[in-house]
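Work through the exercises below with the sequence and the structure at hand. Each task is followed by a solution in steps.

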Amino acid sequence: MCILERGTQAYSSLPKLISFSAGNMVEWCLPQDIDLEGVEFKSMASGSHKIQSDFIYFRKGLCFGLACFANMPVESELERGARMKSVGILSPSYTLLYRYMHFLENQVRHQLEMPGHYSHLEAFYDDKKGVLPDSKGTPSSQQPVHWLPSIHRYMYPEMKITHPAGCMSQFIKFFGEQILVLWKFALLRKRILIFSPPPVGVVCYRVYCCCCLANVSLPGLGGTVPESKPFFYVNVADIEMLETEVSYVACTTEKIFEQKQDLYDVYVDNQNVKTHHEHLQPLLKINSADKEKYRRLNDQRQMLMYSQEVGEDCSSCEEDLFILFFMEQNNRIFQTLMEVSASQDKTLTADHARGMGLDPQGDRSFLMDLLEVYGIDVMLVIDNPCCT
């Protein structure tokens with residue numbers, strides 16, 4: 001675990017614990033020999049001094065972190081009238097970090113009010129350090145999502161958002177039909193960067209939701225395809241790392257990233273999704289097949305909510321429905337493509353496209369990119385629309 005401090009700030013890590021101070025510094029951590037270079041910037045988002053509290057997910061090497069930030073006014077010239085801390089944890093997997101959110105929120109408030117008292121953090125570390133393998137062992141990061149054999153609430157990352165409607169519900173409401181644009185870019189394993197001013201916690205959940213759009217459960221698919229990596233929050237200290245990545249989904253509070261077009265393929269600013277790559281421009285347009293998919297998704301959500309209201313279905317949740325909807329869509333596409341690839345003439349027609357739930361014309365460039373990215377050997381015979 002670790003406590004991080006800007007002027008005063010805190011962070012903790014599983015199975016490691018940390019703490020920070022004065023200009024984004026590590027104030028305290030367990031174990032003491034852990035490499036925390038750069039974590040003082042990852043666990044306190046740029047611009048967070050303008051808000052009272054936040055939470056943030058981030059990536060540090062092979063580990064993932066969750067930190068809770070809080071800002072408290074103080075009568076101190078040394079601290080410039082404000083004490084800011086972030087307490088966080090590091091783990092080989094991000095799937096269970098949300099379970100410690102409440103503890104971290106309490107501890108960051110405790111560190112603001114009683115700086116330097118670490119007994120609760122020490123007890124937490126001693127209790128949890130044996131739960132997960134240490135960094136010297138084989139990291140237990142989750143399998144790439146496209147290898148999941150079947151859908152089940154315990155088989156994909158479970159991240160509960162603080163809003164009672166849930167993570168996926170907020171994602172759908174925020175982006176609307178634009179989630180179909182994000183779906184295509186995620187399936188093509190593009191570098192997706194989401195910008196938002198603080199607070200950044202809810203934006204970290206959008207990163208997770210974007211990765212869920214690309215779930216495929218067909219065996220033997222994508223062995224050479226880059227993994228869809230959730231990097232969560234990134235800042236200028238991560239530029240060198242991002243330069244080497246061919247596929248990721250991340251978020252940032254730093255507007256300077258918009259100018260660094262070599263670092264991303266897709267830039268998302270609020271609901272505005274854009275790309276500077278000319279060949280990807282057609283994917284930004286919502287077509288008739290996208291509208292139909294969005295209508296079906298909303299119909300299924302309404303049916304789920306109705307069944308829950310009348311007490312017929314208490315086991316399913318909107319997260320299940322969301323992930324299953326896109327997994328089934330993705331499976332249908334790749335099942336068709338593999339069948340055509342195994343056929344004698346290897347010809348992919350407009351009827352095949354419609355059978356996959358795609359628009360033969362509007363999704364032509366998407367299909368061409370999909371075949372190239374996944375190395376599927378078929379011949380696309382869908383003509384471009386005539387100019388009249």
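A salt bridge is a side-chain nitrogen of Lys or Arg within 4 Å of a carboxyl oxygen of Asp or Glu. The model is predicted, so local features need pLDDT of at least 70 and side-chain atom pairs count only at pLDDT 80 or more, while totals for chains, interfaces and linings use all residues. Residues are numbered from 1 along each chain as its sequence is written, and side-chain values use heavy atoms, with hydrogens and water left out.

**Exercise 1.** State how many salt bridges the structure holds, and place the pair Lys85 and Glu27 in the chain.

Solution. The structure holds 16 salt bridges. In one of them, the side chains of Lys85 and Glu27 meet at 2.4 Å, N to O. Lys85 belongs to strand β7 (residues 82–91) and Glu27 to strand β4 (residues 25–29), so the pair ties together parts 58 residues apart in sequence. Strands (E, at least two residues) and helices (H or I, at least four) are DSSP runs, numbered from the N terminus. For accessibility, buried means under 20% relative accessible area, exposed over 50%, and partly exposed in between (1.4 Å probe, protein chains only). Lys85, at 0%, is buried; Glu27, at 22%, is partly exposed.

**Exercise 2.** Which parts of the chain does the salt bridge of Lys184 and Asp290 link?

Solution. The side chains of Lys184 and Asp290 form a salt bridge of 2.9 Å, N to O. Lys184 is in helix α5 (residues 178–187) and Asp290 in helix α8 (residues 288–309), 106 residues apart. Both Lys184 and Asp290 are buried.

**Exercise 3.** Describe the pairing of strand β11 (residues 266–269).

Solution. Two strands pair if DSSP finds at least two bridges between them. Strand β8 (residues 191–195) runs parallel to β11, with four bridges; here Leu193 has Tyr267 as its bridge partner. With strand β12 (residues 272–274), β11 pairs in the antiparallel sense over three bridges, and Asp269 stands opposite Asn272. In this hairpin two residues lie between the strands, and Asn270 takes a positive phi near 60 degrees.

**Exercise 4.** Why does Cys251 form no disulfide with Cys204?

Solution. A disulfide is a covalent bond between the sulfur atoms of two cysteines. The criterion is a pair of cysteine sulfur atoms within 2.5 Å. The closest cysteine sulfur to that of Cys251 is in Cys204, 3.9 Å away, which is too far for a bond. By this rule the count is zero disulfides. Cys251 is buried, with a relative accessible area of 0%.
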